[in-house]
Amino acid sequence: MASTDSGQERAARRATARAQIRQYPDPVLRQVARPVEHFDDDLKALAERMMRLMHDASGAGLAAPQIGLLRRLFVFQPDVDSEPRALVNPEVVERSEETAIEGEGCLSLYTLIDEDLTVPVQRAVRITVRARDLDGAELEFESDGHEARIIQHEVDHLEGKLIVDTDRAADAEARRDAMRVLRH
Ligand code: ZN
């Protein structure tokens with residue numbers, strides 16, 4: 001049946017994409033990425049490749065270190081209807097005092113947590129982001145809710161931080177779960 005076939009194809013594409021994404025405890029996930037200096041065709045090709053991988057892996061965001069490249073670049077797509085975007089050399093320059101705790105998954109943690117499981121993480125609900133686009137133009141914008149959460153998660157990747165880290169997981173229980181997961 002067509003629907004089953006397409007479901008199987010989708011699952012196969014997802015598995016192929018995920019096989020290209022570095023998994024915990026790969027040390028590259030713990031390193032700080034370097035700023036991008038050249039805004040050239042190679043950078044655009046890299047961003048396109050990352051957007052394809054993110055899409056095929058059914059992810060909402062993917063940072064360059066997750067494919068083994070220590071460069072300050074990530075792509076994200078908060079929901080299937082929005083256009084995927086790339087941010088280069090991103091910085092969160094302002095964070096609201098108001099925070100929220102929500103469960104997050106990660107494409108690099110499938111060795112630790114099942115894809116249906118999430119780790120509760122406390123994040124600012126509103127942020128101001130400064131970055132460059134793929135042409136090197138400066139951007140500054142405000143973001144909130146789900147998109148702001150994704151951006152904070154991806155910026156963490158550029159600093160070598162993961163949602164299972166004790167200073168990221170939201171509360172004592174989440175930290176305990178994270179530690180249990182880390183010991184596996
Ligand atoms: Zn992640």
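Select His153 and His157 first: in this predicted model, both residues are buried. For His153 the relative accessibility is 8%, under the 20% cut-off, so His153 counts as buried.

Keep the two histidines selected and add the zinc ion. Which atoms of the protein serve as donors to the zinc ion? They are SG of Cys106, NE2 of His153 and NE2 of His157, at 2.0 to 2.2 Å from the ion. Along the sequence, the donor residues follow the spacing C-x46-H-x3-H.

Next, show residues 145–158 as a cartoon; this is helix α3. His153 and His157 lie four residues apart in α3, so about one helical turn separates them. An α-helix has 3.6 residues a turn, so residues three or four places apart point the same way.

Stay on α3 and check its length. From first C-alpha to last, the helix reaches 21 Å over 14 residues, close to the 20 Å expected at 1.5 Å a residue.

Now colour α3 by accessibility. The helix is mostly covered, with 11 of its 14 residues buried. Among the buried residues are Ala148, Arg149, Ile150 and Ile151, as well as Glu154, Asp156 and Leu158.

Return to His153, which is found in α3, and display its surroundings. Which residues does His153 contact, leaving aside neighbours within four places in sequence? They are Glu104, Gly105, Cys106, Arg123 and Ile163. Of these contacts, Cys106 is also a donor of the zinc ion, through SG.

Finally, step past the end of the helix to Gly160. Just after α3, this glycine takes a positive phi of about 80°.

Methods. Residues numbered from 1 in each chain as written. Predicted model: local features only at pLDDT ≥ 70, side-chain atom pairs only at ≥ 80, totals over all residues. Heavy atoms only, no water. Donors = N, O, S within 2.8 Å, 3.2 Å for Na, K, Ca; no water. Helix = DSSP H or I, 4+ residues; strand = E, 2+ residues; numbered from the N terminus. Buried < 20%, exposed > 50% of the residue type's maximum accessible area, 1.4 Å probe, protein only. Expected span 1.5 Å × (residues − 1). Contact = heavy atoms within 4.5 Å.
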